[in-house]
Amino acid sequence: MNYKIRQSFFPTARDVFFGALFFFLLCASGSMIASSGRVLAAEPNDQKPADPAAVEAITHANALSQAFRHAAKLATPSVVVVRSEIKSRKVSSKRVPGKNGGENRFKGNPFKGTPLEEMFPDGMPEGFDFQVPGDEQSPSRSGVGSGVIVDASGIVLTNNHVVEGADVVSIELTDGRTFTATEIKTDPDSDLAVIRFEGGKDLPIAVLGDSDSLAIGDWVIAIGTPFELETTVSAGIISGKGRELGSVRRAKFLQTDAAINPGNSGGPLVNLNGEVIGINTAIASNSGGYQGIGFAIPANLAKWVSDQLIANGSVQRGYLGVSIGPLQKDVASKLGIEGSKGALVSEIMPDSPAARAGVEELDVITMFDGKPVDGPRTLQEIVERSPQGKAHDMTVLRSGKPVTLSIVVKPLPESLARTGSGRRLAPSGTNTFYSADLGIEVSPKNTEAEDAYEGFDGVVVNRVDPEGLSAEAGIGPGMLVRKVGKTPIASVSDFEKALVAESIESGVMLQVRTPRGNQVVMLKKES
């Protein structure tokens with residue numbers, strides 16, 4: 001087949017006709033498109049003007065977004081990943097016969113030194129064997145948390161539980177640099193730790209803000225490494241202040257709804273100025289994950305503790321020499337005190353600052369150095385940071401009347417810095433007394449109780465009715481009853497006689513002791 005190719009600069013009549021038709025159609029379609037474009041472009045002008053309130057709200061929302069962005073940009077570079085590793089843990093090679101014969105049951109607690117120790121205080125549960133090869137070591141384990149650089153010399157602030165028991169701790173910066181910790185100092189009572197590393201240049205430093213100036217409702221962001229997702233930022237508000245957690249004895253926490261998950265521990269809680277106002281520590285959760293309630297150690301406490309750890313290697317707290325507890329309303333009524341604010345004194349240590357100042361049992365401390373005391377933790381916080389060796393004014397309510405005392409704060413004795421907890425069950429004795437009104441049976445101190453309560457007189461709780469007043473108040477077997485009201489108890493007969501003078505309708509006040517210290521309990525029959 002032959003193809004004819006026409007090469008000519010002059011068109012034929014047929015070419016002119018079809019060319020003109022094509023040009024006409026092209027112009028027409030272009031006109032329609034342009035017209036359509038004009039209609040589409042005109043549509044917004046046909047709408048009603050934007051709502052000024054909506055425009056203002058969007059402007060404010062964008063401004064808040066900019067504030068979050070600014071705070072994250074300032075604080076994120078100083079946040080680090082803290083990796084802790086326990087390379088080996090020595091275990092005992094002693095064994096006792098197992099259920100099926102052979103020596104395969106671990107003697108002692110295989111969970112000692114781990115978070116499971118408190119869950120299984122007596123070791124492996126019944127029905128389980130723990131195989132431990134002789135003279136070998138347990139496998140290594142590691143964990144990941146967060147921290148924040150607070151000093152250009154290479155000092156990181158984090159939680160104690162992030163690094164506790166670790167053999168090796170590494171710090172990873174946001175720019176990819178990695179360092180190994182050369183020094184670790186911890187304070188378990190506040191769950192804070194200071195890590196030092198060397199060789200870091202041009203380190204990004206976080207600014208510690210004033211946590212006392214925070215108010216409920218203030219915006220905050222939490223930064224950390226949840227589930228090993230580095231430099232994650234979540235936003236929320238301060239939901240509460242002064243929260244107490246039983247696992248941390250010497251801290252009152254900030255509560256926030258900013259998302260905190262496993263791995264966030266030790267990371268900073270930051271205000272919109274980019275200042276660190278807390279160290280993320282714990283969550284309240286039924287599932288182990290975020291459920292809207294997180295807790296952070298206030299920055300002011302973290303700064304004081306870290307300064308102490310850096311300067312002294314440990315925290316030197318002030319000491320009054322008293323055992324204190326909350327003031328319950330029924331106890332306050334019994335003591336002739338209105339309200340329930342204050343710290344109730346249940347014990348005075350011999351030769352202590354409190355003993356020298358004239359503090360008495362059942363005094364209620366309401367003021368220290370001009371600062372109001374609303375409960376035991378508040379008094380602890382004020383006293384432990386007070387200048388030591390100097391006199392301080394302390395106001396107590398005694399029989400309902402205010403008394404001002406001058407007391408000299410001393411350093412907390414090392415032997416009292418951390419008090420272990422425990423439970424000791426006293427076997428039933430032949431010489432016992434049972435009070436049906438209180439739902440409690442007591443017996444003389446036995447050998448085991450004498451070991452636990454050396455130097456203290458009293459009677460040991462032998463049995464508690466499950467539905468009785470004592471059980472409802474938290475009294476359990478093994479506790480030592482030292483006083484009924486203000487009457488000292490040295491024997492079972494003393495306890496029986498003291499109850500004769502008391503009325504369960506108006507309330508019976510017991511001073512009891514556990515291995516952790518004294519407490520005051522009010523037992524009262526509801527009318």
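This section describes the overall composition, the strand pairing, the nonpolar cores and selected local features of a predicted model.

The protein contains 10 helices and 30 strands. Of its 527 residues, 42% are buried. The accessible surface amounts to about 28900 Å², and carbon and sulfur atoms account for 52% of that area. When contacts between residues at least 6 apart in sequence are considered, 61% of them connect residues at least 24 apart.

Nonpolar side chains were examined next. In soluble globular proteins, such side chains tend to be buried together. The largest nonpolar core in the model has 28 residues, and the members that touch the most others are L157, L192, I221, F253, I279 and V305. Two or more residues of this core are supplied by each of helix 2 (52–75), strand 5 (155–159), strand 9 (192–196), strand 10 (219–224), strand 14 (276–283), strand 15 (294–298) and helix 4 (299–312). Helix 4 provides the largest share, with five residues. A second core, separate from the largest one, comprises 23 residues, among them V492, F495, A498 and L499.

F253 has a relative accessibility of 0% and is therefore classed as buried. Beyond its neighbours within four places in sequence, F253 makes contact with G240, K241, G242, R243, L245 and V248, with T281, and with F295, A296, I297 and P298. F295 is also buried, at a relative accessible area of 9%, which falls under the 20% limit.

Four aromatic pairs were counted in the model. One of them is formed by F253 and F295 in an edge-to-face arrangement, with 6.4 Å between ring centres and 75 degrees between the planes. Because F253 belongs to strand 12 (residues 253–256) and F295 to strand 15, this pair ties together parts of the chain that are 42 residues apart in sequence. The rings of F433 and F495 have centres 6.0 Å apart and planes at 70 degrees, so this pair is likewise edge-to-face. F433 is located in strand 24 (residues 433–435) and F495 in helix 10 (residues 492–500), and the pair thus links distant parts of the chain, 62 residues apart. Both residues of this pair, F433 and F495, are buried. F495 is also a member of the second core. A contact of another kind involves R513, which lies over the face of F456 at 3.8 Å from the ring centre.

Strand 27 (residues 480–484) is mostly covered, with five of its five residues buried. Strand 27 pairs with strand 26, strand 28 and strand 29. With strand 26 (residues 459–464), strand 27 runs antiparallel and is joined by two bridges; here V460 has L480 of strand 27 as its bridge partner. The pairing of strand 27 with strand 29 (residues 508–514) is antiparallel and extends over four bridges, and V481 is matched with V512 of strand 29. Strand 28 (residues 487–488) pairs with strand 27 in the antiparallel sense over two bridges, with V484 opposite T487 of strand 28. Strand 27 and strand 28 form a hairpin that has two residues between them, and G485 in the turn has a positive phi of about 65 degrees.

Positive phi values also occur outside glycine. Most residues other than glycine have a negative phi. L362, however, has a phi near 75 degrees. This residue, L362, is situated in the loop between helix 6 (353–357) and strand 19 (364–368). With 5% relative accessibility against a limit of 20%, L362 is counted as buried. S399 is a further non-glycine residue with a positive phi, of about 55 degrees. S399 is placed in the loop between strand 21 (391–398) and strand 22 (401–408). The relative accessibility of S399 is 59%, which is over the 50% threshold, so S399 is counted as exposed. The two loop residues thus carry opposite labels, with L362 buried and S399 exposed.

How values were computed:
Residues numbered from 1 in each chain as written. Predicted model: local features only at pLDDT ≥ 70, side-chain atom pairs only at ≥ 80, totals over all residues. Heavy atoms only, no water. Buried < 20%, exposed > 50% of the residue type's maximum accessible area, 1.4 Å probe, protein only. Contact = heavy atoms within 4.5 Å. Areas by Shrake-Rupley, 256 points an atom, 1.4 Å probe, with all protein chains shown as cover. Pairing = 2+ DSSP bridges. Core = buried A, V, L, I, M, F, W, Y, C linked by side-chain atoms within 4.5 Å. Phe/Tyr/Trp six-rings, centres within 6.5 Å; stacked < 30°, edge-to-face > 60°. Lys NZ or Arg CZ within 6 Å of the ring centre and 35° of its normal.
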